[in-house]
Amino acid sequence: MRAVYYEAFGQMPWVANLPDPTPTPDGVVLAVHATGLCRSDWHGWMGHDPDIRLPHVPGHELAGEVVAVGARVTRWRIGDRVTVPFVCACGVCPQCQAGQQQVCDHQFQPGFTHWGSFAEYVAIDRADLNLVRLPDDMTYVTAASLGCRFATAFRAVVDLAKVSAGEWVAVYGCGGVGLSAIMLAHALGGQVIGIDINPERLALARDLGAVAVVNAATEADVVGVVRELSRGGVHIAIDALGSPTTCANAIASLRKRGRHVQVGLLLAEQRMPPLPMDIVVARELVIMGSHGMQAHRYDAMLDLIQSGKVQPQRLIGRTIRLDEAPAALVDLDSFRGAGVTVITEF
Ligand SMILES: [Zn+2]
Ligand SMILES: [Zn+2]
């Protein structure tokens with residue numbers, strides 16, 4: 001198979017010819033039809049993720065068709081159209097038993113713990129537990145755009161923050177996760193303020209339902225503006241970017257008893273950001289982390305999409321060929337443009 005491949009962290013990846021994968025007894029092999037590029041792939045390539053063993057094939061936001069099935073798989077057949085959460089679960093650990101597969105103790109993550117989907121084929125273990133069937137009328141490109149950012153935002157907004165109608169929601173960072181969070185919070189009746197440094201992304205934030213936007217590149221007192229717009233602070237703050245500044249600003253934007261959800265990754269030298277713990281205590285703030293979404297919550301998310309209240313396909317920026325993926329991966333940290341890049345030709 002053809003696959004994006006690297007043998008050293010930070011080294012320019014290339015498209016290599018590699019052996020086709022074969023399924024484990026409880027796994028399947030998918031022909032990848034669409035796979036999104038994500039900043040987590042960039043972090044992995046930079047060597048920030050201890051799960052990755054070299055050499056490596058990245059890619060975790062995938063949709064495809066089952067082309068080979070292991071002997072013990074009962075739910076899936078050749079030809080089924082599917083996607084997977086980026087955290088695949090074991091099904092037996094205490095977290096899985098409690099229904100919290102997104103923090104499974106024995107995670108299988110294509111593109112991190114195993115070779116991923118920037119390839120013609122990808123092997124997925126524990127298929128009966130982890131594969132999600134796609135609605136017939138959902139395209140592979142839309143499905144790939146759900147895998148990480150939209151699903152993560154769904155869990156953050158719906159399951160963790162539990163946004164309710166009329167609540168103020170500040171979303172810091174209007175990339176893929178942030179724009180997804182804005183769309184979802186708006187669909188739940190939240191009054192959303194989008195914060196970013198890119199005017200193009202802020203315009204998209206407004207289109208997707210933000211009632212106000214703040215350009216942090218030109219506004220000196222972002223927190224002050226957010227608190228004023230929301231008449232004393234937001235009920236919910238989401239750091240969808242993941243940086244010491246956006247994390248601290250998000251928390252400082254909250255009103256008393258507000259909820260912060262950290263979705264954006266803070267890794268490597270950013271893993272211990274200074275936070276305003278004085279106001280966390282004084283305002284009784286709640287701080288939560290969000291890590292993907294369980295396969296069993298996909299039905300609720302797919303129902304909301306099928307209802308037309310949210311349109312994740314509006315986040316798709318451009319589609320590219322596998323040959324273009326190495327350069328696009330290396331470029332992911334430069335924050336250019338709006339929308340998700342998806343590989344659709346292999
Ligand atoms: Zn588990
Ligand atoms: Zn991702």
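**Strand 8, the nonpolar cores and two zinc sites in a predicted model**

In strand 8, the side chains of Trp168, Ala170 and Tyr172 point one way and those of Val169 and Val171 point the other way, and all of them are buried. The model described here is predicted. In a regular strand the side chains alternate between the two faces of the sheet. Five of the five residues of strand 8 are buried, so this strand is largely enclosed by the rest of the structure.

Strand 8 pairs with strand 9 (residues 191–196) in the parallel sense, over five bridges. Within this pairing, Val171 stands opposite Gly194 of strand 9. The chain passes from strand 8 through helix 5 to strand 9, and the resulting β-α-β crossover is right-handed. Strand 8 is also joined to strand 11 by four bridges, and these two strands run parallel. Here Ala170 has Ala237 of strand 11 as its bridge partner.

The largest nonpolar core contains 51 residues, among which Phe150, Ile182, Ile238 and Met301 touch the most other members. At least two residues of this core come from each of several elements, including strand 8 (168–172), helix 5 (176–187), strand 11 (234–239) and helix 10 (298–306). Helix 4 makes the greatest contribution to this core, with 11 residues. A second, separate core has 21 residues, including Ile195, Ala212, Val234 and Ile279. When residues up to four places away in sequence are not counted, Ile182 touches Val171, Cys174, Val192, Gly194, Ala205, Leu208, Gly209 and Ala210. Two of the residues named above for the strand 8 and strand 9 pairing, Val171 and Gly194, are thus among the contacts of Ile182.

The model contains zinc ions at two sites described here. At the zinc ion (ligand 1), the protein donors are the SG atoms of Cys90, Cys93, Cys96 and Cys104, which lie 2.3 to 2.4 Å from the ion. Along the chain, these donors follow the spacing C-x2-C-x2-C-x7-C. The four donor atoms subtend angles of 101 to 117° around the zinc ion (ligand 1), and the arrangement is therefore tetrahedral. Two of these cysteines can be described further: Cys93 counts as buried because its relative accessibility is 3%, and Cys96 counts as buried at 7%.

The zinc ion (ligand 2) is coordinated by Cys38 (SG), His60 (NE2), Glu61 (OE) and Cys148 (SG), at 2.0 to 2.3 Å. The spacing of these donors along the chain is C-x21-H-E-x86-C. Glu61 lies in strand 4 (residues 61–69) and Cys148 in helix 4, so this pair ties together parts that are 87 residues apart in sequence. The angles subtended by the four donor atoms around the zinc ion (ligand 2) are 95 to 118°, which makes this arrangement tetrahedral as well. Glu61 has a relative accessibility of 0% and therefore counts as buried. Cys148 is also buried, with a relative accessible area of 6%.

Two further buried residues were examined. Gln109 lies in the loop between helix 2 (94–97) and strand 6 (121–124). This residue has a relative accessibility of 6% and so counts as buried, the limit being 20%. Gln109 touches Phe86, Val87, His114 and His291, with residues up to four places away in sequence not counted. Ile124 lies in strand 6 and counts as buried at 0% relative accessibility. Contacts of Ile124, again leaving out residues up to four places away in sequence, are Gly27, Val28, Leu30, Val84, Cys88, Phe108, Pro110 and Leu131. Ile124 and Ala250 are 126 residues apart along the chain, and their C-alpha atoms are separated by 36 Å.

Some features of the backbone also stand out for description. Leu54 and Pro55 are joined by a cis peptide bond, with omega about -5°. Pro55 is placed in the loop between helix 1 (39–46) and strand 4. Arg257, a residue other than glycine, has a positive phi near 65°. Arg257 lies in strand 12 (residues 254–262) and counts as exposed at 57% relative accessibility. Glu284 is not a glycine either, yet has a positive phi of about 50°. Glu284 lies in the loop between helix 9 (277–282) and strand 13 (286–289). With a relative accessible area of 47%, Glu284 is partly exposed.

Technical notes: Residues numbered from 1 in each chain as written. Chains lettered and ligands numbered in written order. Predicted model: local features only at pLDDT ≥ 70, side-chain atom pairs only at ≥ 80, totals over all residues. Heavy atoms only, no water. Core = buried A, V, L, I, M, F, W, Y, C linked by side-chain atoms within 4.5 Å. Buried < 20%, exposed > 50% of the residue type's maximum accessible area, 1.4 Å probe, protein only. Contact = heavy atoms within 4.5 Å. Pairing = 2+ DSSP bridges. Right-handed = clockwise from strand over helix to strand, strands pointing away. Donors = N, O, S within 2.8 Å, 3.2 Å for Na, K, Ca; no water. Tetrahedral: all angles 85-135°; square planar, octahedral: opposite > 155°, others 65-115°.
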